[in-house]
Amino acid sequence: MLWVLRKSRDLKALVKEGQLSQIAYDEIMEASKFLMRVRNELHYSQKGRTGDILTLRLQGIVANNLKYPGKNMVRRSENFMLDYYPPHQGNVSSQHFANAALSARSCR
């Protein structure tokens, strides 16, 4: 997705120009929203401490707070991490798309 940032900082403009499909744009925006929810939950979960690192311990806490299904903390954490690193994405994760979108939005 780095090529997107080289072309323009405005993803909607890239869609209008035909450089980025509407589907890709929607995926980037959805991934961005997901990561912002995760980041927000990380901040609340750490109770005053700063940090954006999703540690193994915090995976379960975030999964539980985001209401992921599962019989226990491990299963909820696994379900959460499947969304964080979707298996159908191959080598490209939602995090990669969202980082590109966040960078584009912050450079406006």
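Five aromatic pairs: that is what this structure holds. Keep in mind that the model is predicted.

How do we describe such a pair? A pair of aromatic rings is described by the distance of the centres and the angle of the planes.

Take F34 and F80. Their ring centres are 6.2 Å apart, and there is 45° between the planes. The pair is tilted. Why tilted? An angle under 30 degrees would count as stacked, and one over 60 as edge-to-face, so 45° falls to the remaining class.

Now find these two residues on the chain. F34 sits in helix α3, residues 22–45. F80 sits in helix α5, residues 73–84. The two parts are 46 residues apart in sequence, so this pair ties them together.

Are F34 and F80 buried or exposed? F34 has 10% relative accessibility, so it counts as buried. F80 is buried too, with a relative accessible area of 0%.

Next pair: Y84 and Y85. The ring centres are 4.8 Å apart. The planes stand at 85°, so this pair is edge-to-face. Look at accessibility again. Y84 is at 10% and counts as buried. Y85 is at 45%, so Y85 is partly exposed.

Let's put the rings together. Which residues form the aromatic cluster? F34, Y68, F80, Y84 and Y85 form one cluster.

On to the helices. Two packed helices are described by the angle between their axes and the distance between the axes. For α3 and α5, the angle is about 140° and the axes are 11 Å apart. That makes α3 oblique to α5. The cut-off matters here: roughly antiparallel needs an angle over 145 degrees, so about 140° does not qualify.

Which residues meet at this contact? From α3 come F34, L35 and V38. From α5 come F80, D83 and Y84. Sort the residues of this contact by type: five are nonpolar, none is polar and one is charged. You have met F34 and F80 already, as the tilted pair.

Look at the spacing in α3, with F34, L35 and V38 on the contact. An α-helix has 3.6 residues a turn, so residues three or four places apart point the same way.

Last stop: helix α4, residues 56–65. Which of its residues are buried? They are L58, Q59, G60, V62 and A63. What covers them includes α3 and α5. After α4 comes K67, and its phi is positive, near 65°.

To recap: F34 in α3 and F80 in α5 form a pair that links the two helices, and both residues belong to the aromatic cluster.

Note on methods
Residues numbered from 1 in each chain as written. Predicted model: local features only at pLDDT ≥ 70, side-chain atom pairs only at ≥ 80, totals over all residues. Heavy atoms only, no water. Phe/Tyr/Trp six-rings, centres within 6.5 Å; stacked < 30°, edge-to-face > 60°. Helix = DSSP H or I, 4+ residues; strand = E, 2+ residues; numbered from the N terminus. Buried < 20%, exposed > 50% of the residue type's maximum accessible area, 1.4 Å probe, protein only. Axes fitted to C-alpha atoms, helices over the stretch in contact; angles between N-to-C directions. Parallel < 35°, antiparallel > 145°, perpendicular 65-115°, else oblique. Contact = heavy atoms within 4.5 Å. Nonpolar A, V, L, I, M, F, W, Y, C, P; charged D, E, K, R; others polar.
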